[in-house]
Amino acid sequence: MASNLTGTVALVTGASSGIGAATARRLAEHGAAAALVARRRDRLADLAAEIEKAGGTALAVEADITDRAQAEAAVQQTVDRFGRLDTLVNNAGLMLLGPVLDADAEDWDRMIAVNVQGLLSTTRAALPHLLQAAEEGPRRVADIVNISSIAGRVAWSGYGVYNLTKFGVNGFTESLRQEVTRRHVRVGVLEPGGVATELGSHNDHKPEVREAINSFYEQTEVLAPEDIADGVAYMVTRPRHASVGELWIMPTDQA
Ligand code: NDP
């Protein structure tokens, strides 16, 4: 594996499973020191050990990014340990589906807290370090990749608030891109279609939603988390003058 991120530091939120874990692995293979952020400490510790065993560098950082102080502390812990921050992958997310009518408003609060507020808090804390890396680092460029979704491009009945969060992430990403791109912090969204992860499992208490999700996964040859990790790696390893603002990766089998 080419080591074109050697000497850089990447922070990945939601690194305890699915897309985040695969992305952290992939960036570490490319030579980045990886800060692994999520709530499940055991999973993070296992992944950090795996990355280190493979010759990489990793730091497990237990944090609930819905708490702004914890998101800020996660960024600070990363910079304290590695001295810099070049890449932020805002990946942590929740998808709680169902109709708006009679919805559990707590589901909405939880999704907005992780998908929107968590992403904002982490970005706000990371941005000064990314700007500094772009100014002073050997590559003279830094990156934010926000993991949005096809649900940030297309709305469906039953996805209302998940759609809201991901459309919001897309709008915020493009606004921030315009704000900092001339300072060589590249900001882009990656929008996956269906990926085999734990994402749907948080709907287990809603049989109708669970059934719809199961039926989609049974009938569709979905993506692997590594397919999305490859996309992130592509975005953050472009030459300094090339910024990928949007990458939409779908299963070939998903219309
Ligand atoms: P997973 O459920 O496997 O991963 C979600 C991650 O988010 C976990 O690591 C979880 O860690 C973390 N997380 C959740 N809440 C918090 C929190 N409060 N603080 C810190 N971390 C948190 O699902 P995916 O890998 O699929 O999801 C990753 C991203 O990809 C999400 O943004 C999702 O919306 C997006 N996506 C996924 C698709 C799919 O089909 N799977 C399709 C399109 C987009 P922990 O519980 O340990 O805190």
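How many helices and strands does the secondary structure of the protein chain come to? The count is seven helices and seven strands. The model is predicted. Along the sequence, the elements run β-α-β-α-β-α-β-α-β-α-β-α-α-β.

**Overall dimensions**

The radius of gyration of the protein chain is 17 Å, close to the 18 Å that the globule rule gives for 255 residues, so the chain is as compact as a globular protein of that length. Other whole-chain values are collected here.

| Property of the protein chain | Value |
|---|---|
| Span of the C-alpha trace along its principal axes | about 50 × 40 × 40 Å |
| Exposed area | about 11,900 Å² |
| Share of the exposed area from carbon and sulfur atoms | 50% |
| Buried residues among the 255 residues | 51% |
| Distance between the mean positions of the 24 positive and 33 negative charges | 8 Å |

Sequence separation matters for reading the contacts. Among contacts with a separation of 6 or more, 70% join residues 24 or more positions apart.

**Nonpolar cores**

The largest nonpolar core holds 33 residues. Leu 27, Leu 36, Val 145, Leu 190, Ile 228 and Val 232 have the most contacts inside it. Several elements each supply at least two residues of this core. The strands are β1 (9-13), β2 (33-38), β3 (57-62), β5 (142-147) and β7 (246-249). The helices are α1 (18-29), α2 (41-53) and α7 (225-236). A second, separate core has 29 residues, including Val 9, Ala 33, Ala 71 and Ala 142.

Leu 190 shows what such a core position touches. Neighbours within four places in sequence are left aside. Leu 190 is then in contact with Val 145, Asn 146, Ile 147, Ser 148 and Ser 149. Its contacts also include Ile 228, Gly 231, Val 232 and Met 235. Leu 247 and Ile 249 complete the list for Leu 190.

**The loop at Gly 193**

Where is the place of Gly 193? Gly 193 lies in the loop between β6 (185-192) and α6 (207-219). Is Gly 193 buried or exposed? Its relative accessibility is 10%. Buried means under 20%, so Gly 193 counts as buried.

Which residues does Gly 193 touch, not counting those up to four places away in sequence? They are Ile 150, Leu 223, Ile 249, Met 250, Pro 251 and Gln 254. Ile 249 is thus in contact with Leu 190 and with Gly 193. Arg 26 is 167 residues from Gly 193 along the chain, and the C-alpha atoms of the two are separated by 20 Å.

Technical notes
Residues numbered from 1 in each chain as written. Predicted model: local features only at pLDDT ≥ 70, side-chain atom pairs only at ≥ 80, totals over all residues. Heavy atoms only, no water. Core = buried A, V, L, I, M, F, W, Y, C linked by side-chain atoms within 4.5 Å. Buried < 20%, exposed > 50% of the residue type's maximum accessible area, 1.4 Å probe, protein only. Helix = DSSP H or I, 4+ residues; strand = E, 2+ residues; numbered from the N terminus. Contact = heavy atoms within 4.5 Å. Rg over C-alpha atoms; globule rule 2.2 N^0.38 Å. Areas by Shrake-Rupley, 256 points an atom, 1.4 Å probe, with all protein chains shown as cover. Lys, Arg positive; Asp, Glu negative; His and termini not counted. Charge placed at Lys NZ, Arg CZ, Asp CG, Glu CD.
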